[in-house]
Each structure stands twice: as C-alpha cells, then as structure tokens.
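Please open the model in your viewer and have the selection tool ready, since this tour goes from one stop to the next and says at each one what to select.

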Amino acid sequence: MIPVVMPTYARIDVVFERGEGAYLWDTTGRRFLDFTSGIAVNALGHAHPYLVQKLTEQAHKLWHTSNLFRVAGQESLAKRLTELTFADTVFFTNSGVEAWECAVKVVRKYQHDTGHPEKTRFIVAGGAFHGRSTTAIAAAKSEKMVGGFGPLLDAFDQVAFDNLNELRAAITPQTAAIMVEPILGEGGIRPASVEYLRALRETADEFGLLLVFDEIQSGVGRTGRLFAHEWAGITPDVMPIAKGIGGGFPVGACLATEKAAVGMVPGTHGSTFGGNPLAMAVGNAVLDVVTAPGFLEQVQATGAKLEAALKGLVERHPGVLAEARGKGLMLGLKCVTPNAELVTRLRDNGLLVVAAADNVIRVLPPLTIGDAEIAEAVSIIDKTCREVLA
Ligand SMILES: *Cc1c(COP(=O)(O)O)cnc(C)c1O
C-alpha cells in the first residue's frame, strides 16, 4: 500500500519534536547537533527568539491578503534587498524553484521585448541543481531527476562547471542567458573560481546575454558575504534566492535589474501565496539579523575556523576524507569511503549533515554557531572516522 505521504523521499526514520539554536531533539528525547540546517535553510538556527517574536507578532495581526493588494512587508523587504544588492526590483515566491522559474521568465521576456525573440536558450552548468519543476529538471538533466518525466522543455545547453572555453563555445545566436550557481550546492560544494565568475560577466556582456546566478543555497550570508558572487566583485542581472532568507519559513525571491525586468509588466507573472505578510515578517527579521554590524564578519571568522578544523580532520583521516572545501559556512567534505554511510554513522553519533553529489557530505551549520558547536562537531567527525576504519 502506498504510504499516505507520497513516497518520493527515502526518509530517515527520525521525527524531530523541538529545536533550539544548532540543536534538535527527536521524539525519543535524543539530542542532535544540526549541521544540515534544513539544507541551508535555518540560517539562524532553530527557534531563534527574534524570528519567533516577529512571526508571532505578525500572526496576531494578518496572515494573507493576496497580491491583488499592496503588501507592506514586500515593499520594505524589496527596498532593503535592492539597497543591499545589484537589483532594482524583486518578485516574492514560496520556494527556490519558483524564484528560479521567475528568473527563466524574466530572461525570456527581456530578450523578446528588446528585439531578440530568437534568444530563448540557456547555458547551464553540469552538476547544477535548480529545483524539481519540469523546467528545472530539464536544466539539470540528471537521469535520476528526469527519468520518466519527459518530454521536457528543450531550452538548456549544459557545459562543464567552471570551464570558460567550453561555455563560450556553446553560445549560439539563440542563447539568451548564462545561468549558474556560484558554488554548486547539490553538485558537491564546488566553488567556481573568482576568475570564472568575472569572465561570465564579461562574456554575457559581449554576447548580449543576461547573467543569472542561482544563489538559492549560497545566498543570505551563507558564505560570509550577503551573496556569494560578491566575493568575485561582479554582479548578475537576475538572481533567484530562497532557503536562508526565510530562516525556516517558506520564502523565495527573484531579484533583477530594471534593465532585465523590462518586460515584467502587470499580468506577466503572479503567485497566490508569494510574499504574504507572514513570510515577509520573517524575511525582514532574517535580514535584520544578517545585516546587523559584525554578523557577516562573524560568519567569515566562524567559517574559517570550521574549515581549518575540517582540513585537520582530512589530514588525520586520509582513509576516510579526501578534501575539505567551500566558502564561509557552506562547506563540504569529499569522502573516500561512501558518503551516505558516513552521513548515517555521523547521525548515529549525534551529528546531522547532508550528502551531495561527488561523494561529498555537506556541512551547513546555522550561521550563528560558536566554538562549542565546532568543537563538538569535530569531535564527532573524528570519532566517526576512526569507527569507519576500525
Ligand atoms: C534548493 C535549491 C533550489 C530549489 O529550491 P526549492 O525550494 O527546493 O524549490 C534551486 N537551486 C539551488 C541552487 C538550490 O540549492
């Protein structure tokens, strides 16, 4: 008999009841150190008092009115996001893939409305992940995701990640945009080089393409800057974000320049739930914390400490761990032994991490962790690596 929850996930048999900061407790009372953060979502950890306060304050006032009306929280959050970034305008969604779909529409409409209706194709990177809509799986092309779901939209030309020559060679008169994650998330925590990201900006300008950075996982302070592309000193034209901006509440957004969003006039796009007052109260509260003086510097310092500690573990356990990589608190451990087995053993020892492609385990703690959480995680990983080889 099919489970009542459609069985699209091979779920781990743990039910969490409560969370606080970087810790989760399951229904048996067992405590776990959460370095998964709901896959880079709980950026401020669990039950952050300020987020709880802002959400409950809003819950007592107003939940939903629809986008038929102005929504004050959207206007304030959009104003802040545009002041903090390259963007001039923002569309709010409930999830990452919806923000990414909005980016696809912005690109197509821009090319259409600026005299290039033939430019409808996207260059994307191998190993990329943009979500699970039919269009997003058409972009990622991985057999695991697309098998049985065709025919899919034929609009995506895939090239090797972080390889400029291959990308330039794939540009045709039909190309509308370049669309990449500055750091592959699901693809195994692979940061693109700064030179590559800069060259993408130049290449997009040279060929009249829009540049889209999918910062759904890498954004909102995860790498120690508000957005990962800031490390390269260049900006995209369009940027879908989600995950961290809601701190655990479903929020996504598509940010764009005025130039790129030229065609997004009334009637061209919409969402019933996107940007509702509850979501906007939380999004604004997350930004309050992440943009507070010193917060991102703290993430950089914490990230450097954790990365150094992970590199130490790689040195101590070359039979289990091959490499520590990433940026800020978006870190990955490439494994020698199967990553899935290591994830299970780490969980048995009280540490939650999440697997990614390329035999990597992702280490994505809340941005608010301190030395104590780092020490505890390192000690659990150390012990687990010894057990693997025992
Ligand atoms: C998680 C993710 C998505 C999809 O977000 P959903 O909220 O699951 O739809 C898209 N792109 C990247 C880079 C992601 O990490």
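The tour starts at the ligand, moves on to some helices and ends in two loops.

Before selecting anything, keep in mind that this is a predicted model.

**Stop one: the ligand and its surroundings**

Select the ligand together with the residues around it, which are S95, G96, V97, F129, H130, G131, E181, D214, I216, Q217 and K243. If you colour this shell by class, you will find three nonpolar, five polar and three charged residues.

Now look at individual atoms, beginning with G96, where a polar atom of the backbone is 2.8 Å from an oxygen atom of the ligand. Turn next to D214, which places a polar side-chain atom 2.8 Å from a nitrogen atom of the ligand, and then to Q217, whose side chain has a polar atom 2.7 Å from an oxygen atom of the ligand. How much of the ligand does the protein bury? Taken alone, the ligand exposes 380 Å², and the protein buries 81% of that.

**Stop two: helices packed against α12**

Hide the ligand and select helix α12, residues 371-389, along with helix α10, residues 295-316. These two helices pack at an angle of about 15 degrees, and their axes are 11 Å apart. Because angles under 35 degrees count as roughly parallel, α10 is described as roughly parallel to α12. If you look along the contact, the crossing in which α10 passes α12 is right-handed.

Keep α12 in view and add helix α11, residues 339-348, which packs with α12 at an angle of about 125 degrees, with the axes 10 Å apart. That angle makes α11 oblique to α12, and the crossing of α11 and α12 is right-handed.

**Stop three: two places in loops**

For the last stop, it helps to know that most residues other than glycine have a negative phi, and that most peptide bonds are trans.

Select S66, which you will find in the loop between α2 (49-61) and α3 (72-84). Is the phi of S66 positive or negative? S66 has a positive phi, of about 85 degrees, although S66 is not a glycine.

Finally, go to P151, in the loop between α6 (143-146) and β6 (156-159). Show the backbone here and follow the peptide bond from G150 to P151, which is cis, with omega near 0 degrees.

Definitions and conventions: Residues are numbered from 1 along each chain as its sequence is written. This is a predicted model: local features need pLDDT of at least 70, side-chain atom pairs count only at pLDDT 80 or more; totals for chains, interfaces and linings use all residues. Side-chain values use heavy atoms; hydrogens and water are left out. A residue is near a molecule or strand if one of its heavy atoms lies within 4 Å of it. A polar contact is a pair of N or O atoms within 3.5 Å; within protein, one must be able to donate a hydrogen and the other to accept it, and residues adjacent in sequence count only if both atoms are side-chain atoms. Accessible areas come from the Shrake-Rupley method with a 1.4 Å probe; for residues, only the protein chains shown count as cover. Ala, Val, Leu, Ile, Met, Phe, Trp, Tyr, Cys and Pro count as nonpolar, Asp, Glu, Lys and Arg as charged, and the others, Gly among them, as polar. Axes are lines fitted to C-alpha atoms, for helices over the stretch in contact, and angles run from 0 to 180 degrees between N-to-C directions. Helices (H or I, at least four residues) and strands (E, at least two) are DSSP runs, numbered from the N terminus. Angles under 35 degrees count as roughly parallel, over 145 as roughly antiparallel, 65 to 115 as roughly perpendicular and the rest as oblique. A crossing is left-handed if the near helix is turned anticlockwise from the far one by less than a right angle, and right-handed if clockwise.
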